[in-house]
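Me: I'm new to reading structures, and I'd like to understand why things get the labels they do. Could we go through this one together?

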Amino acid sequence: MIKNFIKTALRSLQKNKAYSSLNIFGPAIGIAIASLIFLWVEDEVNYDANNVKKDRLYIVRENQKYDTYVFTHSSTPGPLGPEIKDQLPGIANICRTSEGETSLLFARGDRSFFASGKYAESSIFSLFTLPFVQGNASSAFSQLHSIVITEKTAEKFFGTETNLIGKTIRVDNKQDYVVSGVLKDLPTNSSLQFEWLMPFKIYFDQNSYLKQWGANSLSTYVELKPGINPETVNKQLYSYVQKHEPKAISHLFLFSMNDWRLYDSFKDGKKTGGGRIEYVNLFTIIAWIILFIACINFMNLATARSEKRAREVGVRKVLGAGKGSLITQFIGEAIFMSLIAAVIAVLIVLIALPSFNTMVQKQLVIGFANPYHLLILLALTLFCGAIAGSYPSLYLSSFNPVSVLKGLKLKDSGAAIVRKGLVVLQFTASIVLIISTIIVYQQIQHVKSRQLGINKDNVVGMDVQGTMGENFNPIKQDLLNTGDVENVALADHGIIYGGNNGDGMTWPGKTPGSKVLVSNRAVTPEFMATLGLKILEGRNLTVADTVRSAHTVITQSLEKLMGNGSAIGKVLRYEGDTSTYTVVGVVNDYVYGNMYGKPDPVMFFSLAPKYAQVMYMRLNNQKGVEQALAGIQKVMKKDNPAYPFDYVFLDDQFNQMFQSEMLVSKLSRVFASLAIIISCMGLFGLAAYTAERRTKEIGIRKVLGASVAGVAGLLSKDFLILVIISSAIAFPVAYWKMSLWLKTYQYHIDIQWWVFIAAGLTAIIIALVTISFQAVKAALANPVKSLRSE
Amino acid sequence: MIKITDLEKFYRTEEVETIALNKLSIEVKKGEFVAIMGPSGCGKSTLLNILGMLDDPDEGSYVFNGVEVAHFTERKRADLRKHNIGFVFQSFNLIDELTVFENVELPLIYTGVPSAERVKRVEEVLDKMQIMHRRNHYPQQLSGGQQQRVAISRAVVNKPKLILADEPTGNLDSSNGNEVMELLTDLNEQGTTIIMVTHSEHDARYSHRIIRLLDGQTVVENIMI
């Protein structure tokens with residue numbers, strides 16, 4: 001029986017090529033998109049899954065309570081780790097590492113490279129799953145100047161050399177380090193990323209402030225003993241810092257590795273349950289919507305052309321087929337079609353994966369060998385087939401054999417209403433996606449064009465390497481002499497950086513007990529002009545302020561907090577400290593850290609160049625960028641020859657802050673386009689069948705004098721009404737959904753009415769173009785022919 | 001074999017009610033060849049559909065092989081139908097996507113005959129109907145007469161007790177029509193009961209008995225000699 005069904009299905013596909021391609025390519029695109037999204041989702045939900053102790057691993061986080069909000073971060077005091085390991089019985093092990101990634105210069109022979117990594121305690125090899133390819137965990141950090149690298153770094157440093165253990169590499173042109181281990185490359189979906197690891201002791205000894213309980217500058221990872229409830233440990237950690245720093249406002253807690261990637265969103269010191277998971281959920285929903293839109297095409301075309309199948313249904317029923325066997329046959333046909341679509345979908349995925357990977361910045365692979373992938377593909381295919389075949393099978397199998405064999409015109413009204421409903425559903429989803437795409441794009445543009453308070457264009461940043469700090473003045477002079485650079489400045493932190501802040505600053509008149517988070521930045525006097533900050537009152541910092549260091553320039557928001565009138569001459573100091581800082585100048589507020597939020601106040605101090613970390617150069621906008629960079633490179637080669645020229649544009653760094661939003665924006669554009677394309681494929685097929693069904697009517701109308709335009713309009717009208725109804729449903733849905741989304745941003749656009757009109761019109765125009773092809777074709781046909789054929 | 005008593009069938013639309021069969025009573029014995037005649041709209045096809053269990057009557061009794069089937073469920077009717085009745089239509093009603101062989105095989109599939117047995121029986125029938133050489137052709141590649149032979153092959157392949165033919169020669173020229181009538185006569189002589197609806201007096205002459213209907217009632221019965 002199944003063989004018979006497959007035969008019928010295959011021959012029917014061959015016979016109706018146009019119809020078959022509509023029916024196969026729609027679901028193929030749907031299955032392909034769903035597969036791509038699910039590959040991405042798989043990568044996201046399996047973040048850090050390479051760690052066998054994942055369920056027992058935590059990072060220590062801090063909540064700091066301020067007047068207006070709770071600041072949650074992962075910076076912890078240096079002495080914390082060893083002490084809690086000794087004192088809290090639930091903790092099996094801890095590991096301290098430097099924060100973020102440290103970029104260092106590595107030289108081997110005459111070749112040198114920058115590479116980023118971490119200083120870590122040797123327990124890192126036990127907490128995290130880091131398999132050694134060469135060397136082993138126990139001896140990795142037995143010497144102080146040892147380095148463990150990944151396979152990729154090994155290739156970068158040593159090329160094709162093998163047996164790397166014991167080989168040396170010079171770091172920062174100062175000290176040779178011995179390679180003590182080579183690790184297997186980390187999976188791309190691991191939160192822990194580094195090119196190298198070095199003993200933590202080096203870092204800890206270099207920075208004496210790390211030994212204080214008041215300095216939060218390290219990451220502390222914790223492994224709990226099996227069966228220990230993290231809440232028990234959290235209770236012990238809550239006031240742990242206060243044992244050593246009674247006035248501290250920090251409260252510690254454990255943040256599970258299971259939540260690092262997807263649930264890293266905190267409000268008022270508590271997990272919101274949101275984070276990247278929202279994107280995972282959003283895209284999963286979109287995948288199902290697109291798949292459903294594709295299935296709708298199949299349902300609609302199948303019921304629209306049911307007249308063609310009616311006789312077959314009649315004959316089969318007369319010959320003894322029951323309703324059940326017919327339902328099985330038609331669902332089977334849909335699944336068969338879906339299987340063909342799945343094969344094409346795999347081809348589409350193979351072709352599209354490289355571009356998709358670029359877009360989502362991942363290295364996803366199709367993974368045929370992975371049984372889960374095949375299982376999910378099969379499930380998608382069966383789902384698609386079952387949904388697509390469900391309604392048509394019920395509809396077709398319900399035909400009365402007597403009527404269909406007599407050749408009576410079928411009463412199509414019930415199916416026609418369902419069809420119209422499904423078209424409305426398709427276009428509603430498409431229009432919601434179009435509106436969302438426009439609003440996401442507007443929001444990103446809105447933030448990107450936000451008045452930042454600085455001028456980010458034409459600014460190049462460089463890490464301060466070697467003796468750049470000490471030789472700042474001659475380097476600056478050489479750079480200015482090229483004519484390619486307008487100004488040069490040094491700073492201790494990048495301008496976009498959001499950290500290095502504290503709540504300990506106080507001033508006369510400050511409300512007692514009030515906690516205000518203030519960021520500290522040390523900069524050279526050129527900083528304001530180079531970055532485009534405006535001195536609103538008083539004066540800029542001078543080199544002389546470096547010596548006294550008692551003068552500060554503050555941002556406008558701090559001036560407001562310090563009371564009415566000018567802040568010039570007012571004095572600030574740290575609580576419990578007698579040193580004072582006199583305000584000599586006020587600059588405008590500028591956005592840093594969180595691009596969507598209101599910026600915290602900043603205090604600027606004068607920086608001694610030797611302590612600088614970052615150098616900023618404002619390029620001469622009269623010169624070309626290429627020329628300016630070549631000029632800078634020449635100067636750096638001459639003045640800092642031991643280090644390769646490595647730079648970054650400030651506006652690129654700025655764009656990096658919007659990665660997630662840009663991803664949503666790009667993907668929603670792709671999804672919205674595909675949704676409307678698939679919907680139109682369905683509409684195209686439906687229009688063709690409607691035209692065919694109404695051939696006789698069109699013929700009679702033409703004989704009676706109807707014009708081509710009149711007939712084409714008649715055929716298009718019904719479909720256009722459906723798209724208009726879709727718009728009416730889509731508008732409030734999109735408004736509600738996008739208002740919720742925008743509310744998650746402090747700095748956001750207001751939704752404008754024209755977006756809805758534009759989206760609705762786009763859908764109408766696209767639909768009209770799709771239908772009019774069929775409508776005009778039908779209207780142009782010779783009426784004599786169509787009447788004779790009846 | 002068939003006994004209907006006081007059979008009634010109405011067709012209702014929103015405005016009118018049409019009586020298709022009006023207290024009709026007929027009996028057909030096993031091995032008979034009966035022709036049903038009458039003008040358009042007299043209820044011939046309705047009667048045939050009820051006899052074929054494709055439709056059910058509104059009132060009255062229908063006893064098939066001693067079993068009252070008038071109010072059987074669709075499933076039961078389908079089951080009874082596929083084992084006992086073969087149909088021949090005016091417009092052949094072959095499935096375009098299936099070959100001659102596959103079309104004839106279809107009823108055997110629905111009655112669950114094993115594959116090897118199916119091949120044997122289909123070949124036997126095709127051979128008998130002299131259409132074996134066309135077994136791999138599709139219906140559109142055949143002449144009208146050949147298509148009706150395939151349709152008759154399909155009707156008899158399950159060895160039904162009863163064949164219902166609805167104007168079997170209506171779409172054929174006279175020579176092909178005669179051939180079809182010969183085939184039906186042969187089948188009848190081999191023991192199959194045949195009930196045929198026709199407009200053609202010529203075809204009706206092949207039967208043993210003609211039942212003439214008017215407005216859903218029997219007006220005359222002619223016994224053929």
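Me: How do you know what share of chain A is buried?
Reply: This is a predicted model, and the share comes from counting neighbours in it. A residue is called buried if 20 or more other C-beta atoms lie within 10 Å of its own. In chain A, 39% of the 790 residues meet that mark. The chain has 26 helices and 26 strands, and its C-alpha trace spans about 105 × 60 × 55 Å along the principal axes.

Me: And how many residues of chain B count as buried?
Reply: Of its 225 residues, 48% count as buried. Chain B has seven helices and 10 strands.

Me: What makes chain B as compact as a globular protein of its length?
Reply: Set two values side by side. The radius of gyration of chain B is 17 Å, and the globule rule gives 17 Å for 225 residues; the two are close, so chain B is as compact as a globular protein of that length. The C-alpha trace of chain B spans about 50 × 40 × 35 Å along its principal axes.

Me: Why is B:E97 called partly exposed?
Reply: Count its neighbours again. Buried needs 20 or more, exposed means 12 or fewer, and partly exposed is in between. B:E97 has 19 C-beta neighbours inside 10 Å, so it counts as partly exposed.

Me: Where is B:E97, and which residues does it touch?
Reply: B:E97 lies in the loop between β6 (85–88) and α3 of chain B. It touches A:T8, A:R11, A:S12 and A:K15, leaving aside residues up to four places away in sequence. Within its own chain, the C-alpha atoms of B:E97 and B:Y138 are separated by 7.2 Å, with their positions 41 residues apart along the chain.

Me: How many residues does each chain bring to the contact between A and B?
Reply: Chain B brings 19 residues and chain A brings 19 residues. On the chain B side, α2 (74–84) and α3 (100–110) are the elements that give two or more residues. Helix α3(B) gives the most, with five residues. Sorted by class, the side of chain B that touches chain A has 10 nonpolar, three polar and six charged residues.

Me: What makes β2 and β5 of chain B edge strands?
Reply: Start with the sheet. Four strands of chain B form an open sheet in the order β2-β1-β4-β5, with antiparallel pairing. Strands β2 (17–28) and β5 (67–68) each have a single partner strand, so one side of each is left without a neighbour in the sheet.

Me: How do you know that β1 and β2 of chain B pair?
Reply: Two strands pair if there are at least two bridges between them. Strand β1 (residues 2–12) of chain B and β2(B) have eight bridges in the antiparallel sense, so they pass that test. B:R12, for example, stands opposite B:E17 in β2(B).

Me: Which strands of chain A pair with β24(A)?
Reply: Among them are β19 (residues 518–523), which runs parallel to β24(A) and is joined to it by five bridges, and β21 (residues 551–555), which pairs with β24(A) in the antiparallel sense over two bridges. A:N520 stands opposite A:M603, while the bridge partner of A:V553 is A:F604. Strand β24 (residues 602–606) has a covered face, A:V602, A:F604 and A:S606, and an uncovered one, A:M603 and A:F605.

Me: Why do we say that the buried residues of α23(A) line one face?
Reply: The buried residues of this helix (residues 695–703) are A:I698, A:G699 and A:K702. Seen down the axis of α23(A), they fall within an arc of 100°, so they line one face of the helix. Just after α23(A), A:G705 takes a positive phi of about 110°.

Me: Which residues touch the most other members of the largest nonpolar core?
Reply: They are A:I31, A:I290, A:I435, A:A675 and B:I195, in a core of 170 residues. Helix α22 (residues 659–693) of chain A supplies the largest share of this core, 16 residues. The residues that A:I290 touches include A:G30, A:F671 and A:A675. A second, separate core has 51 residues, including A:A120 and A:Y203.

Key: Residues are numbered from 1 along each chain as its sequence is written. Chains are lettered from A and ligands numbered from 1 in the order in which they are written. This is a predicted model: local features need pLDDT of at least 70, side-chain atom pairs count only at pLDDT 80 or more; totals for chains, interfaces and linings use all residues. Two residues are in contact if their C-beta atoms, placed from the backbone, lie within 7 Å. Ala, Val, Leu, Ile, Met, Phe, Trp, Tyr, Cys and Pro count as nonpolar, Asp, Glu, Lys and Arg as charged, and the others, Gly among them, as polar. The arc is that of the directions from the helix axis to the C-beta atoms. A nonpolar core is a set of buried Ala, Val, Leu, Ile, Met, Phe, Trp, Tyr and Cys residues joined through C-beta atoms within 7 Å. The radius of gyration is taken over C-alpha atoms; the globule rule is 2.2 Å times the number of residues to the power 0.38.
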